[in-house]
Amino acid sequence: MYLMDIFCKIINKEIPAEIIYENNHVIAFNDINPVAPIHVLIVPKTHMEGLNNLPEEGDQQHILNAAAEIAKQLGVSDGYRLVINCGEKAGQTVFHLHAHLIAGRDLAWPPG
Ligand code: AMP
């Protein structure tokens, strides 16, 4: 049986989150443990574990479109980073695909 992950519960409004953007395809909310002044998670409403489970088209476009729109809304279009951790080795801890939008401070490259 599939047990709902924490992001599915946020999507279903079963647990609260600071939602800053939502449309039919994605929801975006502030990360509970931010690593920068702006740290938003962009989450497709359809459950998939991670980047390796993307459909051929659809949600990837919705995630990127939402990222650009949120950056605009937050006034950081001139400097932000999108990160998708894929797999435990890369630091993925929630196995529901999500992109981190990070901004509001200088962002080093390469990332750690
Ligand atoms: P990742 O490590 O890439 O899987 O990212 C998971 C992110 O989800 C982490 O940055 C957590 O701080 C964040 N997170 C976990 N639970 C919540 C929650 N209930 N509300 C907001 N962010 C959360």
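**Ligand shell and central strands**

Sixteen residues surround the ligand in this predicted model, with Asp31, Asn85, Gly91, Thr93 and His100 coming nearest (near: a heavy atom within 4 Å). Local features require pLDDT of at least 70 and side-chain atom pairs pLDDT 80 or more, whereas totals for chains, interfaces and linings use all residues. Residues are numbered from 1 along each chain as its sequence is written, and side-chain values use heavy atoms, without hydrogens and water.

Polar contacts are pairs of N or O atoms within 3.5 Å. A polar backbone atom of Ile32 lies 3.1 Å from a ligand nitrogen. Ligand oxygen is approached at 2.8 Å by a backbone N or O atom of Gly91. A polar side-chain atom of His100 is also 2.8 Å from an oxygen atom of the ligand. The protein covers 84% of the 510 Å² of accessible area that the ligand has on its own (Shrake-Rupley method, 1.4 Å probe). Helix H1 (6-11) and strand E2 (26-30) each give two or more residues to the shell; the largest share, three residues, comes from H1. Helices and strands are DSSP runs of at least four and at least two residues, respectively.

Strand E3 (residues 38-44) is mostly covered, with seven of its seven residues buried (under 20% relative accessible area, 1.4 Å probe, protein chains only). Ile38, Val40, Ile42 and Pro44 point one way; His39, Leu41 and Val43 point the other. E3 pairs with E2 in the antiparallel sense over five bridges (pairing needs at least two DSSP bridges). Here Ile27 stands opposite Val43. E3 and strand E5 (residues 99-103) also pair in the antiparallel sense, over five bridges. Ala99 in E5 is the bridge partner of Ile42.

Terms used: Polar contact = N/O pair within 3.5 Å; in protein donor to acceptor, adjacent residues only side chain to side chain. Buried < 20%, exposed > 50% of the residue type's maximum accessible area, 1.4 Å probe, protein only.
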